[in-house]
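This report introduces a protein model to a reader who has not met it before. Please look at the sequence and the structure before reading on.

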Amino acid sequence: MAKKAENIILPSDENEADRKGKASPEDAGEAGGKKSRKRKRRVKKARRTRRSIRSRLMFLLVIMGIVPAAVVEMVTIHSYESRAIEQRTVTVRSQCNALADQLATRDYINNQDDDVINPEFDMLTSIYQGRIVVMNRDGKIIKDTYNLDTGKYSLSEEVQQCLRGSETSHYDDENQFIEIAMMITNPSNTNNTDIQGVLLISVSTSEIHANTVALEQQGLMMMAVVIILILILGYILSSVLVKPLLKITSAIEGIEVGYEDEKISVPDYRETQLISDAFNSLLKRQRSADETKEEFVSNVSHELKTPLASMKVLSDSLNQDPNASLEMYKEFMQDISSEIDRENRIITDLLTLVRMDKKAARLNITETNINQEMEGIIKRLTPIADKANVRLIFDSFRPITAEVDEVKLTQAFTNIIENGIKYNNPDGGWVRISLNADRKYFYTTITDSGIGIPEDQISHIFDRFYRVDKSHSREIGGTGLGLAITRQAIAMHRGAIRVSSEVGKGTTFSIRIPLIYVV
Ligand code: ADP
């Protein structure tokens, strides 16, 4: 419907367009766009208002105030009305009972010129603003205080029932009157066998109705006052309730601008304090992540710059020395080449680490023969071990197959065994690799007879670029990233790694990996 309305050009719109010169279709489109944007903004605003705690609280309070008040009012007024009607019926009935007795004793059916009864009729009709009709046994109306139907016959349901011996009374809600039909019988005839006629009385209840309407109006007025009071109270209450939440928002916004070491604290409610605490701990984690990132970036640039600086020194000394011999050239070029290798290694390791860091990093899980995989690693590392005069010993206690990412796990094990060779005794030593499993995990321990790691540094060896002895590690081609990659790969497999070491004696890495990979 709303869309259709947009397309209708109203006369006033047309005039406006004429005054400004004919509007192009683009203008019309633009105007339509503006309108719909405005409407969207309005809808958004209304939705925001509906969603606010304040409007919901006020709505709730109004409902909680109005519903019980309306119910109480309805019940009270209804019970007042039915009680008033009941009382009126009882009063009229008792008066008419007496009148019916008099009619019978004075034989009014046969003689309507009665100086006692007729004034009584007048009195009753004027008190109750009603009408009295008297009928004989045949249903012939012999007296009508309205003088409308005298002489006519009326055999309505009530009259017939009455003639059969049962009196009726009913309340006509719509026309607001009570109608009572009574037998005219001789008071001495207690079993109602001698019915002389019927007395029919209609009594107006407009006065009761007027009272009810007045009461209803008063009730509505009261309700309006209650609603206004509730709205004022709700506004104040919701302002008080919402204030701490607004405080939290502005505190958080303040931090967005100022950052640094700030914290937020809104102890107004237990809940707001909990939100503040949660936000503070999130902030702390964010800051520490930022610091780690910054440290990592500065480490990366430092590590990447070091080989470049060496290359620069080497090439400058060659350039500046006019008498440099061919031998010197060869030697320096060899050094430059090994610095390039080193730079290459760092970049490769960094890329591996970054790829593993990504949240989306997926493992390529396959059913792998771990014994075979380990034998392959040892075979590939044997030439390096031989060169370093280090013996590789492999103890395999049982055949093991596990669901692992073969490439990532091979890299993890290779790094540790390679470290065992690199940081071994210069006079030669050994690296023992053992493989075992139970029903849930397989276990690898890699022990070397090397230089060991000082106790206070063990907790750092998995950090990126951390090296116990920087120059020694550099000398033997370490990047400081190997164990960081290893830890990441094992964590991705939901495994665990532990280190124990003694300086001068050797180091043991114990690794545990689940046999079945659970996502
Ligand atoms: P790197 O490339 O320098 O070897 P890693 O991350 O593999 O880097 O290891 C970090 C540091 O931990 C090494 O520089 C070394 O000081 C120490 N380290 C690692 N493995 C051993 C080991 N088996 N024995 C002694 N020190 C080790």
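The sections below describe the surroundings of the ligand and then two individual residues.

## Basis of the report

The structure is a predicted model. Every value given here is therefore to be read as a computed one.

## The ligand and its pocket

The second largest pocket is the place where the ligand sits. Three elements each give two or more residues to the shell around the ligand: helix H11 (406–422), helix H13 (482–492) and strand E12 (506–514).

There are 19 residues around the ligand, and those that come nearest are Tyr423, Ser473, Thr479, Gly480 and Leu483. Sorted by class, the shell consists of eight nonpolar, eight polar and three charged residues.

## Backbone atoms facing ligand oxygen

Which residue has a polar backbone atom 2.9 Å from an oxygen atom of the ligand? The residue is leucine 483, which is also listed among the residues that come nearest to the ligand. For valine 468, a backbone N or O atom is found 3.0 Å from an oxygen atom of the ligand. For glycine 482, the distance from a backbone N or O atom to an oxygen atom of the ligand is 3.3 Å.

On its own, the ligand has 530 Å² of accessible area, and the protein covers 98% of this area.

## Asparagine 118

Asparagine 118 belongs to helix H5, which comprises residues 117–128. Its side chain takes part in a polar contact of 2.8 Å with the side chain of tyrosine 108. A polar atom of the side chain of asparagine 118 also lies 2.9 Å from the backbone oxygen of glutamine 112.

When residues up to four places away in sequence are not counted, asparagine 118 touches Tyr108, Gln112, Asp113 and Lys143. Two of these names, Tyr108 and Gln112, have thus already appeared as polar partners of the asparagine 118 side chain.

## Leucine 57

Leucine 57 is part of helix H4, which covers residues 53–105. How far apart in space are leucine 57 and leucine 237, C-alpha to C-alpha? The distance is 8.7 Å, while the two residues are 180 residues apart in sequence.

With neighbours within four places in sequence left aside, the contacts of leucine 57 are Leu237, Ser238 and Leu241. Leucine 237 is thus one of the residues in contact with leucine 57.

Notes:
Residues are numbered from 1 along each chain as its sequence is written. This is a predicted model: local features need pLDDT of at least 70, side-chain atom pairs count only at pLDDT 80 or more; totals for chains, interfaces and linings use all residues. Side-chain values use heavy atoms; hydrogens and water are left out. A residue is near a molecule or strand if one of its heavy atoms lies within 4 Å of it. A polar contact is a pair of N or O atoms within 3.5 Å; within protein, one must be able to donate a hydrogen and the other to accept it, and residues adjacent in sequence count only if both atoms are side-chain atoms. Accessible areas come from the Shrake-Rupley method with a 1.4 Å probe; for residues, only the protein chains shown count as cover. On a 1 Å grid over the protein atoms alone, a cavity is a set of points where a 1.4 Å probe fits but cannot get out, and a pocket is an open set with protein on both sides within 12 Å along at least five of seven lines; lining residues have an atom within 4 Å of a point. A molecule sits in a cavity or pocket if more than half of its atoms lie within 2 Å of its grid points. Helices (H or I, at least four residues) and strands (E, at least two) are DSSP runs, numbered from the N terminus. Ala, Val, Leu, Ile, Met, Phe, Trp, Tyr, Cys and Pro count as nonpolar, Asp, Glu, Lys and Arg as charged, and the others, Gly among them, as polar. Contact means heavy atoms within 4.5 Å.
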